Amino acid sequence: DFVTSANGSYNHLFGWKQLNMRLGRVPIAFGDEYKQYDAPDNPLVSHSVPFFWGFDEGAQLYGNLSPDISYTLHAFLDGEIGNGSDEFASKAWGLRVEGNHGKAHWSASYFDSGRTGRATQLPSLYFGRELAAPIGANGARGGASTSATILSEWWEGDFRYTFDKGYIALARGYGNLHDDNVHDRTFEWFKVEPLYKIARRWDLVGRYSGMNVEDAA
């Protein structure tokens, strides 16, 4: 993790303060809710319907483009679930940019799963408890998918405004899963999360979210 040395002096990659790097198994930075993966960071006991999360091996570049704007770039991830699996030439990659301007926060995310196969070679990005997998026989128009590989692309925009006694957070996203023409799927989702501090140790918080899935027809 090339960021700072033990005494606090800068030790950035190539000497550029805007460029830091992590190597190894890292979280996929997509949207804002992935930062609520650990229970203490989540104001509720559950997550939203379109909770995107995952971990993968590879390289992650990150840094500040300005005092208010930062980025995270996933580069050369193997794109497949499981430790150390890398059986396809296609790689996954993603980019997340965020800004903090006083009480307003925003982020824009993109993730490309690369072309991965079936069975154990599934994309490493989860939404909720599901992976972006080929369509199965149950309820699928035309039956089970015969595609040997799949490809998916995902976009999300997040906004949060913080006030003296809480915040309101919004998210909107869109995704494509390419799995033969007859089994292609598009995903759209949203999230609204308000929080209000009633007292020093008491919060009133709610979350409303949903996802719509359509086939290629």
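How do the residues of the lining of the largest cavity divide into nonpolar, polar and charged? Let us walk towards that through the whole chain. This is a predicted model, in which local features need pLDDT of at least 70 and side-chain atom pairs count only at pLDDT 80 or more, while totals for chains, interfaces and linings use all residues. Residues are numbered from 1 along each chain as its sequence is written, and side-chain values use heavy atoms, with hydrogens and water left out.

The protein chain holds one helix and 13 strands (DSSP runs, H or I of at least four residues for helices and E of at least two for strands, numbered from the N terminus). Their order from the N terminus is β-β-β-β-β-β-β-β-β-β-α-β-β-β. Of the 217 residues, 44% are buried, meaning under 20% relative accessible area with a 1.4 Å probe, protein chains only.

Now step inside. The largest nonpolar core (buried Ala, Val, Leu, Ile, Met, Phe, Trp, Tyr and Cys residues joined through side-chain atoms within 4.5 Å) has 11 residues, including Ile 28, Phe 111, Leu 125 and Trp 189. Leaving aside residues up to four places away in sequence, Ile 28 touches Tyr 34, Gly 54, Phe 55, His 74, Phe 111, Ser 124 and Leu 125; a contact here means heavy atoms within 4.5 Å.

Trp 189 also appears in the lining of the largest cavity, together with Glu 33, Ser 48, Pro 50, Glu 156, Asp 158, Ala 171 and Lys 191. On a 1 Å grid over the protein atoms alone, a cavity is a set of points where a 1.4 Å probe fits but cannot get out, whereas a pocket is an open set with protein on both sides within 12 Å along at least five of seven lines; lining residues have an atom within 4 Å of a point. About 40 Å³ of space lies in this cavity, where volume is the space filled by probe spheres set on the points, joined across faces, edges and corners. And the opening question? The lining has three nonpolar, one polar and four charged residues, with Ala, Val, Leu, Ile, Met, Phe, Trp, Tyr, Cys and Pro counted as nonpolar, Asp, Glu, Lys and Arg as charged, and the others, Gly among them, as polar.

Strand 9 (149-163) and strand 11 (185-199) each give at least two residues to that cavity lining. Strand 9, strand 10 (166-178) and strand 11 each do so for the largest pocket, which contains about 230 Å³ of space. Nine charged residues, four nonpolar and two polar line this pocket.

Notes
Buried means under 20% relative accessible area, exposed over 50%, partly exposed in between (1.4 Å probe, protein chains only).
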